[in-house]
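Student: Could you walk me through reading the inside of a protein model, and then a couple of odd backbone spots?
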Amino acid sequence: KTKVMLSFLTYVYEKYFVNKEIKCLMLGSHDSGIETIISQIANFPFEYVFLGNRNSFPYRELDISYWYFEGEYRIIHLFKHYKNILGIIYIVDSSNIEQINKSRDAIRVLHEEEALKDSLFLVLANKQDNPNAYNPKEITKMLKLNSISDRYWKLYGVSGKTESIIEAFNWIEEKINEKFYF
């Protein structure tokens, strides 16, 4: 009985009191507004990184690594560097139809990647303050997000200058904790 009780107490201690690292991958092209979002959420100036290099910042319990990319084919090569990614934060310029179309293909590649099969998806349809922006329902349809039925996903319409970003980041942290830790 002592062994069982000790195992239980160890489990509870590790689950609720040990500092856990929740890894998220944040992707966006150079026109998506990723710089503004990072500056807003991380409270420090954005630092440019080049493909193959990563940068990261903490947000509450999340450790968020980010890259720029310019096309679907470059995304595939990133996954060999990262394991245990629990969340993917994907940023798209909601006023740029070309970027939305490229993003649809990139999201498909992310969804099909075996290393990311358990990851949650958070899509930020950025630049909602632009009068030419597609609304979140339109972007959900264009990105074919409703075809993703094997994992949690959510699309937030955001502007890099509003509180909606915090709500979105809180959502992914909450869902990761629900799925993996509680």
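Tutor: Sure, definition to begin with: a nonpolar core is a set of buried Ala, Val, Leu, Ile, Met, Phe, Trp, Tyr and Cys residues joined through side-chain atoms within 4.5 Å. Buried means under 20% relative accessible area, exposed over 50%, and partly exposed in between, with a 1.4 Å probe and protein chains only. This is a predicted model, where local features need pLDDT of at least 70, side-chain atom pairs count only at pLDDT 80 or more, and totals for chains, interfaces and linings use all residues. Numbering runs from 1 along each chain as its sequence is written, and side-chain values use heavy atoms, leaving out hydrogens and water.

Student: Which residues touch the most other members of the largest nonpolar core?

Tutor: In soluble globular proteins, nonpolar side chains tend to be buried together. Here the largest core has 28 residues, and Met26, Phe57, Ile64, Ile89, Leu124, Phe169 and Ile176 touch the most other members. Elements giving it two or more residues include strand E1 (22-28), helix H2 (34-42) and helix H6 (164-181); helices (H or I, at least four residues) and strands (E, at least two) are DSSP runs numbered from the N terminus. H6 supplies the largest share, seven residues. A second, separate core of 20 residues includes Ile85, Ile88, Leu110 and Leu116.

Student: And the backbone: what phi does lysine 127 have, and is this residue buried or exposed?

Tutor: Its phi is positive, about 65 degrees, although lysine 127 is not a glycine. Lysine 127 sits in the loop between E5 and helix H5 (136-143), and it counts as partly exposed because its relative accessibility is 27%.

Student: Where is lysine 144 found?

Tutor: In the loop between H5 and strand E6 (153-157). Lysine 144 also has a positive phi, about 60 degrees, without being a glycine. Its relative accessibility is 54%, so lysine 144 counts as exposed.
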